[in-house]
Amino acid sequence: MEEHLRRSIETLLASQQPEDLHRALDLIKKEISKVGTDEAGRLFEMVSTLFYIDPLDRPDLAPLLNEAIALVVGFGKWVIPALLTQLDAGDLKAQIAIANALGRLGADAIPPLVAEYQSSSDPGRRQFVLYALGKIKSPKIVQAAAYALQAAEAQDRELRDTATRAIGKFAESIPPAALPEDTRRRFVQTLQKNLADQNPSIRAKAIRSLGKLAKFGHLTAPERTTLRETFEHIVGKDERFEWDRAYLVRKEAIEALTYL
């Protein structure tokens, strides 16, 4: 990459104006097809600075964040190791953007993400790995099922929360015929266990994921009947009237009942 072009891109990326940032991304998009791996790595580093955009603080820059993620995804699977390295960014906004990019890279990202999960003992890092895995729309995501099940029983609340959600995301992508029966049963059992979690967010996600298991054909008739009774109890529709006190949990149960 020519020096004057590098400086132009860096100047534009330092701006807070959407039009300047868009111009920078356009220049990078044109340049990426001309350069080798080393230069492409530098371009990735430039684009990834936009992962720190806070769309709540600067909603006008939210489209630029989405554009940056899409551009990185377009780089191809070679960028996966670089994204995994940046999961250490320590900034929640950047980590979410990186996880979204990894998820959108598809099935190619599954083996390195699983390897990353296995090699790390940090609950926070594992959380974002599972978040990324949940974004992948491929039947091959069944390869990660055991790790989601393990994490759904973790002591760490955030990891347990993310894993409980991920199981439902996996259910969307795995056809019933491709989900081993033992894994399917463990999905149901683990989520039913998390219905009793002390944290309302985890209970709500357990209900949502069970609803997805129902919606995408992963439940037996007796399981559907049992869950319908459970969810009716949660929303106070049965004769006991001992509903869950958390509105978020009741809201998810009402929606999940439509799939049962």
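Here are some worked exercises on the predicted model shown above.

Before you start, residues are numbered from 1 along each chain as its sequence is written, and side-chain values use heavy atoms, with hydrogens and water left out. Because this is a predicted model, local features need pLDDT of at least 70 and side-chain atom pairs count only at pLDDT 80 or more, while totals for chains, interfaces and linings use all residues.

**Exercise 1. The overall layout**

Task: Describe the secondary structure of the protein, its box and its share of buried residues.

Solution:
- Step 1. Take helices (H or I, at least four residues) and strands (E, at least two) as DSSP runs, numbered from the N terminus.
- Step 2. The protein then has 14 helices and zero strands.
- Step 3. Along the principal axes, the C-alpha atoms fill a box of roughly 75 × 35 × 30 Å.
- Step 4. Call a residue buried under 20% relative accessible area, exposed over 50% and partly exposed in between (1.4 Å probe, protein chains only). Of the 260 residues, 50% are buried.
- Step 5. Contact means heavy atoms within 4.5 Å. Among the contacts with a separation of 6 or more, 66% join residues 24 or more positions apart.

**Exercise 2. The nonpolar core**

Task: Find the residues with the most contacts inside the largest nonpolar core, and the helix that gives the most to it.

Solution:
- Step 1. Build the core as a set of buried Ala, Val, Leu, Ile, Met, Phe, Trp, Tyr and Cys residues joined through side-chain atoms within 4.5 Å.
- Step 2. The largest such core has 87 residues, and those with the most contacts inside it are Phe51, Leu83, Leu102, Leu113, Leu133, Phe170 and Phe231.
- Step 3. Helix 4 (residues 62-75) gives the most to this core, with eight residues.
- Step 4. Look at one of the well-connected residues: beyond four places in sequence, Leu83 touches Phe44, Phe51, Val72, Ile98, Ala101, Leu102 and Leu105.
- Step 5. Val72 is among the buried residues of helix 4, which also include Leu64, Leu65 and Phe75.
- Step 6. Just after helix 4 comes Gly76, with a positive phi near 100°.

**Exercise 3. Helix lengths**

Task: Compare the span of helices 4, 11 and 12 with the expected span.

Solution:
- Step 1. The expected span is 1.5 Å times one less than the number of residues.
- Step 2. Helix 4 has 14 residues and reaches 21 Å from its first C-alpha to its last, close to the expected 20 Å.
- Step 3. Helix 11 also gets a check: its 14 residues should span 20 Å, and its end C-alpha atoms are 20 Å apart, which agrees.
- Step 4. For helix 12 (residues 200-215), the 16 residues should span 22 Å, and the end C-alpha atoms are 22 Å apart, so the two agree.

**Exercise 4. The surroundings of helix 12**

Task: Why is helix 12 described as largely enclosed, and what covers its buried residues?

Solution:
- Step 1. Of the 16 residues in helix 12, 12 are buried, so the helix is largely enclosed by the rest of the structure.
- Step 2. The cover over these buried residues includes helix 10, helix 11 (181-194), helix 13 (221-235) and helix 14 (247-257).
- Step 3. Ala214 sits in helix 12, and counts as buried because its relative accessibility is 5%.
- Step 4. Ala214 touches Leu219, Arg224, Tyr259 and Leu260, leaving out residues up to four places away in sequence. Ala214 and Thr258 are 44 residues apart in sequence, with 9.6 Å between their C-alpha atoms.
- Step 5. Turn to helix 11, whose buried residues pack against helix 9 (145-151), helix 10, helix 12 and helix 13. Arg184 and Val188 are among those buried residues.
- Step 6. Both Arg184 and Val188 touch Glu223, as does His218. Glu223 is found in helix 13, and its 17% relative accessibility is why it counts as buried.

**Exercise 5. The largest pocket**

Task: What volume does the largest pocket have, and which residues line it?

Solution:
- Step 1. On a 1 Å grid over the protein atoms alone, a pocket is an open set of points where a 1.4 Å probe fits, with protein on both sides within 12 Å along at least five of seven lines; lining residues have an atom within 4 Å of a point.
- Step 2. The largest pocket holds about 200 Å³ of space.
- Step 3. Its lining is Leu92, Ile96, Gln127, Phe128, Tyr131, Asp161, Thr162, Arg165 and Lys205.
- Step 4. Helix 6 (92-104), helix 8 (123-135) and helix 10 (157-173) are the elements that give two or more residues to this lining.

Key
Points joined across faces, edges and corners; volume = space filled by probe spheres on them.
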